[in-house]
Amino acid sequence: MASGVADTHCPYCALQCAMTVTAAPEAALPGPAATIAGRFFPTNRGGLCKKGWTSAELLGSAERLTSPLRRRADGGFDEISWHEALDEIAEKLRRSRAEHGADSVGVFGGGGLTNEKSYLLGKFARVALGTSRIDYNGRYCMSSAAAAGNRAFGVDRGLPFPVTDLDDADTILILGSNVAETMPPFIGHLEGARAAGGLIVVDPRVSATARLTHDGGGMHLQPTPGSDLVLLLGLIHIVIAEGLVDEKYVAERTVGAAGLARSVSQWWPERVQEHTGVPAWELRSVARRLAASNGSYILTGRGVEQHVDGTDTATAAINLALLLGLPGTGRSGYGTLTGQGNGQGGREHGQKADQLPGYRKITDPEARAHVARVWGIDPDSLPGAGLPAVQLLASLGQPDGVRCLLVHGSNLVISSPDVAAVRAGIERLDLLVVCDFFFTETASLADLVLPVTQWAEEEGTMTSLEGRVLRRRAALAPPNGVRDELWILSELARRLEAPSTFSDRPEEVFEELRLASEGGLADYSGISYEALDRGEEAYWPYPRGSAGTPRLFLDRFAHPDGLARIVPVRPSAKAEPLHQGGALTLITGRLLEHYQSGAQTRRVDELQSAQPEARVQLHPATASRLGIEDGGWIELETARGTARGRAAVTGDIRQDTVFMPFHFPGDQTANLLTLSATDPISGMPEFKTAAVHVRPIPEAIS
């Protein structure tokens, strides 16, 4: 319950910085609804980024939704009662299932939902709706890294060690992540490596993180976009050719290394230089540094994972780490940097198309039987695996596709690839229901919009990028008319006469989650609210009676034989040809001031005024060739569509590359340009490379 003051965690990224939220006294209203103070915690040590410091502004925003809305025939919206809204939704879902089958109803979740909401949403989809058509926006974030981690280690936990382990590293290789802007407090954990001259950043841009390597802090490798897999294969080639392999570790702790040398034989340093633009001497320096260090870590992010070969690229990074003997040593390791606030926990307990709670496979008979026992249903009544996000959205309004869609915690028409196609699919639906606390771009297309609680108004748990389960606590009551999603799911389940139970109390839902996860890879059975409230550190897997697992793999990996898998990978064809006909390569990413689709941060005055529009980075030589002036409006065109932004001419980017942030709506939406082609293993879309033509917009029409 809201107490006026709550020790909780930031609503944004997976670093989950600790903060104290204090509700404003009633006499101080209508000023800020709450104040924020940083709180010491291992990940942030009392610091917050500007998104965290300004997060309370969202709680008292005049743009909050406070009543259910129903679309009128003319496209406007009317306020209606909760009773009307839920009755109408239940009736339309019931009718769709009867006429078109259970899979005519789809559910799309989010990586910002609490563990309790993620769990109940997955249960609601499979038990109350009987549909297999559920996935979530984490498919756009962690899916390639998760697939690579599962096949190499047998389990997917972003960082299999506490963040603070990085403090003692001499060398840290970061590929495809601009942590200085996406999670600024994280850079404090890079200071040891930086002081030792061992911070190595791989990025086509001179990002804020890459600048940390200047003045003796390390090295910045600036490859062509999309060439990260070749770069990693080149590093593996050097490690093998120069005898830098930890032979004892590889023999005792891995299988599959025999075929690796042959698979990288063609990627000698000079050839890699031709493909990536990274000098051969830099490649050799990096490989030797990683091998010689007393503490080396390899970290990957979305820049190398959001590709059609993202799983193989992450696998190559893991192969490099395994050859060097890094994972599971307690002094070195490999990890991937989870982005969304509950991107880790959100993918463990049932939102993903093929998973049940505890990171169990929905196709595994034993897993189905275990979860069905907890839920009190027949395992045969559970649907099978569904469709990953891009395929799910492609099915909207199609024959035998999804006709009714429920969206929780996601802004699809900003964050999805090829959003024009997604928008067209939404317009074909019989019913779109959006649960959110603001009237987002996706909510504006809905038939019914349901107002839900924000982070400081709700109880629950989150799981950070290091696999640590944390308590989210309420400091203030939500506005009148706003409801928690647990209550919404419970009420809909009752109206649909669903079997099993659907509690609207977070702690009761968590207790059921514990049982459902027990024995799974992500076992939460030994964790309780009581223990978390005492301040107990809770890293999963945390079986009942144990003390949790801050560091995975110290004794064995999660495969049945305890050994890690080295899986040779090779480059494959790009999703579309690049560098043809004068095209540049478009890459997308985040800004310091904004988060994901911008649905929250664009409503914070300080953040929006600092970055009010999409500024597109181009190299001065490229801008000169195209007749583009710094600060002028430009048009970007790909085979999917066109977008526009304001030119930011800078030497911090390659001449063949354009960078556009993905936080903005309307014709500044970067995902109007991106591809819906996906990684065949993970279902990750190709966000990070697209062939784009850029031209100035005449002043008269800008």
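In the predicted model, the side chain of histidine 349 places a polar atom 3.2 Å from the backbone nitrogen of glycine 358. A second polar contact, of 3.4 Å, links the side chain of histidine 349 with that of glutamate 348. Histidine 349 belongs to the loop that runs between S13 and strand S14 (355-356), and its relative accessible area is 1%; because buried residues are those under 20%, histidine 349 is classed as buried. When residues up to four places away in sequence are set aside, the residues touched by histidine 349 are Asn115, Ser118, Tyr119, Leu356, Pro357, Gly358, Leu513, Ser517, Ala522 and Tyr524. Glycine 358, whose backbone nitrogen lies 3.2 Å from the histidine side chain, is thus also listed among these contacts.

Strand S13, which precedes the loop of histidine 349, takes part in an open sheet of five strands, arranged in the order S10-S9-S8-S12-S13 and paired in the parallel sense. The edges of this sheet are occupied by strand S10 (218-221) and strand S13 (333-336); each of these has a single partner strand, so that one side of each remains without a neighbour in the sheet. From one strand to the next, the twist averages 10°. At the S10 edge, four bridges connect S10 in parallel with strand S9 (residues 199-202), and within this pairing valine 202 has leucine 221 of S10 as its bridge partner.

Antiparallel pairing is found elsewhere in the chain. Strand S24 (residues 633-637) and strand S25 (residues 642-649) run antiparallel and are joined by five bridges, with leucine 636 standing opposite alanine 643 of S25. The connection from S24 to S25 is a hairpin of four residues. S24 is also joined to strand S27 (residues 690-696), again in the antiparallel sense, through four bridges, and in this pairing glutamate 635 faces arginine 695 of S27.

A further antiparallel pair consists of strand S19 (residues 460-463) and S20, between which four bridges are formed; glycine 460 has arginine 472 of S20 as its bridge partner. Five residues separate the two strands in this hairpin, where glycine 467 adopts a positive phi near 75°. In a regular strand, side chains alternate between the two faces of the sheet. Strand S20 (residues 469-472) is covered on both faces, since Val469 and Arg471 on one side, and Leu470 and Arg472 on the other, are all buried. Arg472 is accordingly both a buried residue of S20 and the bridge partner of glycine 460.

Several loop residues show backbone geometry that merits description. In the loop between helix H19 (485-495) and helix H20 (506-517), glutamate 497 has a phi near 55°, a positive value in a residue other than glycine. Serine 500, which is placed in the loop between H19 and H20, likewise has a positive phi, of about 70°, although it is not a glycine. As regards accessibility, glutamate 497 has a relative accessible area of 72% and is therefore exposed, the threshold being over 50%, whereas serine 500, with a relative accessible area of 27%, is partly exposed. A cis peptide bond, with omega of about -5°, is present between tryptophan 540 and proline 541; proline 541 lies in the loop between helix H21 (529-533) and strand S21 (564-565).

At the level of the whole chain, the protein contains 23 helices and 27 strands. For 702 residues, a compact globule would be expected to have a radius of gyration near 27 Å, and the 24 Å computed for the protein chain agrees with this. Along the principal axes, the C-alpha atoms fill a box of roughly 70 × 70 × 55 Å. Of the 702 residues, 64% count as buried, while the area exposed by the chain is about 23800 Å², of which carbon and sulfur atoms supply 50%. Among contacts in the chain with a separation of 6 or more, 73% are made by residues 24 or more positions apart.

Technical notes. Residues are numbered from 1 along each chain as its sequence is written. This is a predicted model: local features need pLDDT of at least 70, side-chain atom pairs count only at pLDDT 80 or more; totals for chains, interfaces and linings use all residues. Side-chain values use heavy atoms; hydrogens and water are left out. Two strands pair if DSSP finds at least two bridges between them. Axes are lines fitted to C-alpha atoms, for helices over the stretch in contact, and angles run from 0 to 180 degrees between N-to-C directions. Buried means under 20% relative accessible area, exposed over 50%, partly exposed in between (1.4 Å probe, protein chains only). A polar contact is a pair of N or O atoms within 3.5 Å; within protein, one must be able to donate a hydrogen and the other to accept it, and residues adjacent in sequence count only if both atoms are side-chain atoms. Contact means heavy atoms within 4.5 Å. The radius of gyration is taken over C-alpha atoms; the globule rule is 2.2 Å times the number of residues to the power 0.38. Accessible areas come from the Shrake-Rupley method with a 1.4 Å probe; for residues, only the protein chains shown count as cover.
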